[in-house]
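Reader: I am in my first year of study and should like to look closely at a single part of this protein. Could you please take me through its nonpolar core and the helices around that core, and then place that part within the whole?

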Amino acid sequence: MVKMPRCPNCSYKLVLLSSRPKYKCALCSKLYPKKEIEVKEFQEFNKRRRIEDMESYEKERKEHLTRIREIKKDLRLLFNGFSKTPKEYRKWYYEKHKEKIKQLIEKIYPEESMEFKIHIPVLLITRKVVETIFGKELYEEIIKDEMKRDVLNSAWPEVNSIYDRFKKDIIKFLKNEKLS
Ligand SMILES: [Zn+2]
């Protein structure tokens, strides 16, 4: 209780008397028992502390909410980006190697349908792009729905069975697949 006690009557400074256990107001000269003033001061002190606690709690809560908002914003950006960026990247990558990929796929899967042949490299690249950008766990989440699509029914299991050998270079990978 560092603060100097104040007179309950006029709010001026109280002085503790040396002769008696009493406080005296230096302005209106009223006397108060020492105990009474100390109890009052203690209650005041607690009240101030409660207000300070509430203020710091409010401040922390606001900071927490701001953090949550920022995280949500980042996640939104991430997921909005997902429908665009990896697809664009995948398209660019596929277009770049299209002819070579076609030839190799034709040699590896001569008996399969056209659709299957198109999907194998596209899904391989998709998985690589998504895993590289979002990580394995998120890939599994994202791809679960993809795998339910009928069109991809036969392609996904094949892609997943050969995927572990696919490191970075699709052409190199397909050449090795052709040999094996
Ligand atoms: Zn006074």
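Author: The account below begins with the whole chain, turns to the core and its helices, and ends with the sheet.

The model is predicted. Its average pLDDT is 81, and 82% of the residues score at least 70. Confidence varies between the elements: helix 3 (residues 136–146) has the lowest mean pLDDT, 72, while strand 3 (residues 31–33) has the highest, 96. The protein contains five helices and three strands, and along the sequence the pattern is β-β-β-α-α-α-α-α. Of its 180 residues, 13% count as buried.

The part requested is the largest nonpolar core, which consists of 12 residues. Among them are Ile101, Leu104 and Ile105, together with Ile120, Leu123, Leu124 and Ile125. The core also includes Ala155, Trp156 and Val159, and it is completed by Ile170 and Leu174. Two or more residues each are given by helix 1 (34–108), helix 2 (114–134), helix 4 (155–162) and helix 5 (170–179). Helix 2 supplies the largest share, four residues. In soluble globular proteins, nonpolar side chains tend to be buried together.

One core residue shows how distant parts of the chain meet. Setting aside residues up to four places away in sequence, Leu104 touches Leu174, Lys175 and Lys178. For the protein as a whole, among contacts with a separation of 6 or more, 44% are between residues 24 or more positions apart.

Helix 4 deserves a closer look. Its buried residues are Ala155, Trp156 and Val159. Viewed down the axis of helix 4, these buried residues fall within an arc of 95°, and therefore they line one face of the helix. An α-helix has 3.6 residues a turn, so residues three or four places apart point the same way. The buried residues of helix 4 pack against helix 2, whereas Pro157 and Ser161, on the other side of helix 4, are exposed.

Which residues does Arg127 contact, leaving aside its neighbours within four places in sequence? Arg127 belongs to helix 2, and its contacts of this kind are Tyr139, Val159 and Tyr163. Arg127 counts as buried because 20 other C-beta atoms lie within 10 Å, and 20 is the number from which a residue is called buried. Arg127 and Trp156 are 29 residues apart along the chain, and their C-alpha atoms are separated by 10.0 Å.

It remains to describe the sheet. Its three strands form an open sheet in the order 1-2-3, with antiparallel pairing. Strand 1 (14–16) and strand 3 stand at the edges with a single partner strand each, so one side of each has no neighbour in the sheet. Neighbouring strands are turned against each other by 30° on average, direction ignored.

Strand 1 is joined to strand 2 (residues 22–25) by three bridges, and the hairpin between strand 1 and strand 2 passes through five residues. Here Leu16 has Tyr23 as its bridge partner. Strand 2 is likewise joined to strand 3 by three bridges, and Tyr23 has Tyr32 as its bridge partner in strand 3. The hairpin formed by strand 2 and strand 3 has five residues between them, and Ser29 in the turn has a positive phi of about 65°. On strand 2, Tyr23 and Cys25 make up the covered face, while Lys22 and Lys24 make up the uncovered one.

Conventions. Residues numbered from 1 in each chain as written. Predicted model: local features only at pLDDT ≥ 70, side-chain atom pairs only at ≥ 80, totals over all residues. Core = buried A, V, L, I, M, F, W, Y, C linked by C-beta atoms within 7 Å. Contact = placed C-beta atoms within 7 Å. pLDDT = per-residue confidence, 0-100. Pairing = 2+ DSSP bridges. Axes fitted to C-alpha atoms, helices over the stretch in contact; angles between N-to-C directions. Arc of directions from axis to C-beta.
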